[in-house]
Structures are given as structure tokens and as C-alpha cells.
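Here's a quick tour of one structure, a few helices and loops at a time. Keep the 3D view open and click along as you read.

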Amino acid sequence: MPNPTIYFIRHGQTEWNAIGRFQGTKDIPLNERGREQAVRAGELLADILKADAHDPLRMPFVSSPLGRARQTMELVRGEVGVAPDDYGLDDRLREVGYGHWEGSTLIEMEKSHPELFARRQADKWSVPPPGGESYASAGLRMRDWYDSLLQDTVAVSHGGSCRALMASLEIETPIKAAEIYIEQGVVYVFKDGKVTKHS
């Protein structure tokens with residue numbers, strides 16, 4: 001069986017995204033722009049699935065359990081013409097945990113743990129935030145999730161999780177993946193060892 005295609009959507013913007021606060025596992029809702037981005041991603045997804053001859057009623061849709069991802073998923077599903085609340089949840093799709101730094105800006109992170117902050121800036125892949133999770137660890141759970149898929153799948157998740165998936169599938173090197181900006185309001189299609197952004 002060929003490897004499944006993943007139609008990956010990052011959740012829409014939250015107020016913490018807008019002001020540069022790292023959310024991690026904190027449950028921050030979408031703001032107005034985030035809801036608009038989710039609708040836009042759903043419009044894009046509807047066109048992509050049609051072009052790929054996929055019937056959304058016959059595809060699995062799975063979301064991170066965090067509220068901002070679930071809100072996004074429900075708006076996306078509304079745009080592709082299926083029941084908003086009929087989708088799965090998988091904890092492996094949660095955001096990378098930032099531990100003590102959740103709710104902080106980069107400046108606040110550096111002030112609170114200057115030595116660890118400097119080490120992490122030099123090696124974002126392997127060095128976890130204080131009390132948090134490394135990208136390397138997130139990559140293991142994202143790979144475990146990917147290996148469990150039985151067919152092409154729509155996933156709504158997070159920026160850090162998308163970076164971890166890129167590296168775990170060897171689409172990008174860990175060093176490069178950790179620095180990639182994952183956009184909101186777009187669809188990333190993981191297929192045949194590559195990722196294509198649709199915007």
C-alpha cells in the first residue's frame with residue numbers, strides 16, 4: 001500500500017499568536033482572524049480534495065484535542081460540506097509542550113532561563129523548554145501517529161507538530177524543520193516524500 005497522503009492544517013490564529021505568546025498545551029481560543037483563516041483553509045481543502053477525487057464523507061478527519069484545533073476543524077468541515085462535529089481526536093497531534101514557558105514571549109523566556117534559552121536557540125530540535133518537550137520527542141509521537149494511518153487523512157494540528165512531522169518523515173532536516181514558519185489559513189499536503197503548501 002502506498003504511504004497515506006496527509007492534508008495538514010494548522011489551527012487559526014489566537015490572541016496569543018497575535019502578540020507572540022507561546023501557547024503549547026494551553027487552551028487558547030481562536031480570534032476573529034483565526035476563524036476567518038479556518039474558513040479559508042476549509043475552502044482550499046474542498047478544492048484540493050475534489051481535485052484528488054476524494055469524497056470527504058469517506059475520509060478520516062482527526063484533530064489535536066486542544067480547543068483551537070477543534071474550533072478550526074469544525075469550521076473546516078463546514079466548508080467541505082460534512083457534519084462539523086463528526087471527527088476523531090488524537091493526543092499525539094497536540095502542540096509541542098513549552099512547560100514553564102507557556103504564556104511567555106521570547107523576551108520573557110530569555111529573562112526567566114537565560115542559559116537554557118541560549119542552549120535552545122542553538123539547538124531547538126534537541127533541547128526542551130524547562131518542564132516542556134523537545135521537538136525530537138514530538139517527532140517520535142508524530143511518526144507514531146503517521147505510522148498508524150490506514151488511508152489518506154485530514155489533520156488539524158499545530159505549528160510545532162507540523163515541524164516535527166516534516167523531520168520525522170525526513171522531508172526536512174531537524175535543524176531546518178525547527179525554523180520553518182508554519183502558516184495559518186493554508187493547507188499543507190504531505191505526499192510522496194514531499195510537502196506542498198496550498199494558499
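Helices here are DSSP runs of H or I with at least four residues, strands are runs of E with at least two, and both are numbered from the N terminus. Keep in mind that this is a predicted model.

## Helix α3 and its buried side

Let's start with α3, which covers residues 67-80. Its 14 residues should span 20 Å at 1.5 Å a residue, and the end C-alpha atoms are indeed 20 Å apart, so the two agree. Seven names come up when you look for burial in this helix: Arg-68, Ala-69, Thr-72, Met-73, Val-76, Arg-77 and Val-80. Why do they sit on the same side of α3? They take up an arc of only 165 degrees around the axis, and that puts them on the same side of the helix. As a reminder, an α-helix has 3.6 residues a turn, so residues three or four places apart point the same way.

What do those buried residues of α3 pack against? Their partners are β1 (6-10), α2 (32-51), β2 (61-63) and β4 (153-157). Just past the end of α3 comes Gly-81, with a positive phi near 85 degrees.

## How α2 meets α3

Two packed helices are described by the angle between their axes and the distance between the axes. For α2 and α3, the axes come within 8 Å and cross at roughly 40 degrees. The pair is therefore oblique, and α2 passes α3 in a right-handed crossing.

If you want to see who touches whom, colour the two sides separately. On the α2 side there are Arg-35, Ala-38, Val-39, Ala-41, Gly-42, Glu-43, Leu-45 and Ala-46. They meet Thr-72, Leu-75, Val-76, Glu-79 and Val-80 of α3. Thr-72, Val-76 and Val-80 are also among the buried residues of α3.

## Phe-61, a buried strand residue

Now hop over to strand β2, where you'll find Phe-61. Buried or exposed? Phe-61 has a relative accessibility of 4%, so it counts as buried, the cut-off being under 20%.

Setting aside neighbours within four places in sequence, Phe-61 contacts Leu-45, Pro-56, Met-73, Arg-77, Val-80, Tyr-87, Gly-88 and Val-154. Take Met-73: it is 12 residues away from Phe-61 in sequence, with 8.3 Å between their C-alpha atoms.

## Helix α7, enclosed

Helix α7 (residues 159-168) has 10 of its 10 residues buried, so the rest of the structure largely encloses it. The list runs Gly-159, Gly-160, Ser-161, Cys-162, Arg-163, Ala-164, Leu-165, Met-166, Ala-167 and Ser-168. Around them pack β1, α6 (135-147), β4, α8 (174-177), β5 and β6. After α7 comes Glu-170, which has a positive phi near 60 degrees.

One loop residue worth a click is Ile-180, between α8 and β5. Beyond its neighbours within four places in sequence, Ile-180 contacts Arg-163, Met-166 and Glu-172. Ile-180 and Arg-163 are 17 residues apart in sequence, and their C-alpha atoms are 7.0 Å apart.

## α6 across α7

The axes of α6 and α7 lie 8 Å apart, and the helices pack at an angle of about 75 degrees. That makes α6 roughly perpendicular to α7. From α6, the residues Tyr-135, Ala-138, Gly-139, Arg-141, Met-142, Arg-143, Trp-145 and Tyr-146 meet Gly-160, Ser-161, Arg-163, Ala-164, Leu-165 and Ser-168 of α7.

Running the length check on α6, 13 residues at 1.5 Å each should span 18 Å, and the end C-alpha atoms are 18 Å apart, which agrees. Its buried residues are Tyr-135, Ala-138, Gly-139, Arg-141, Met-142, Trp-145 and Tyr-146. Their cover includes β1, β2, α5 (114-122), β4 and α7.

## Two loop residues with positive phi

Which residue between α2 and β2 has a positive phi although it is not a glycine? That's Ala-53, with a phi of about 60 degrees. Ala-53 is exposed, at a relative accessible area of 70%.

Asp-192 sits in the loop between β5 (187-191) and β6 (194-198). Asp-192 is not a glycine either, and its phi is positive, near 55 degrees. With a relative accessible area of 67%, Asp-192 is exposed.

Note on methods
Residues are numbered from 1 along each chain as its sequence is written. This is a predicted model: local features need pLDDT of at least 70, side-chain atom pairs count only at pLDDT 80 or more; totals for chains, interfaces and linings use all residues. Side-chain values use heavy atoms; hydrogens and water are left out. The expected span of a helix is 1.5 Å times one less than its number of residues. Buried means under 20% relative accessible area, exposed over 50%, partly exposed in between (1.4 Å probe, protein chains only). The arc is that of the directions from the helix axis to the C-beta atoms. Contact means heavy atoms within 4.5 Å. Axes are lines fitted to C-alpha atoms, for helices over the stretch in contact, and angles run from 0 to 180 degrees between N-to-C directions. Angles under 35 degrees count as roughly parallel, over 145 as roughly antiparallel, 65 to 115 as roughly perpendicular and the rest as oblique. A crossing is left-handed if the near helix is turned anticlockwise from the far one by less than a right angle, and right-handed if clockwise.
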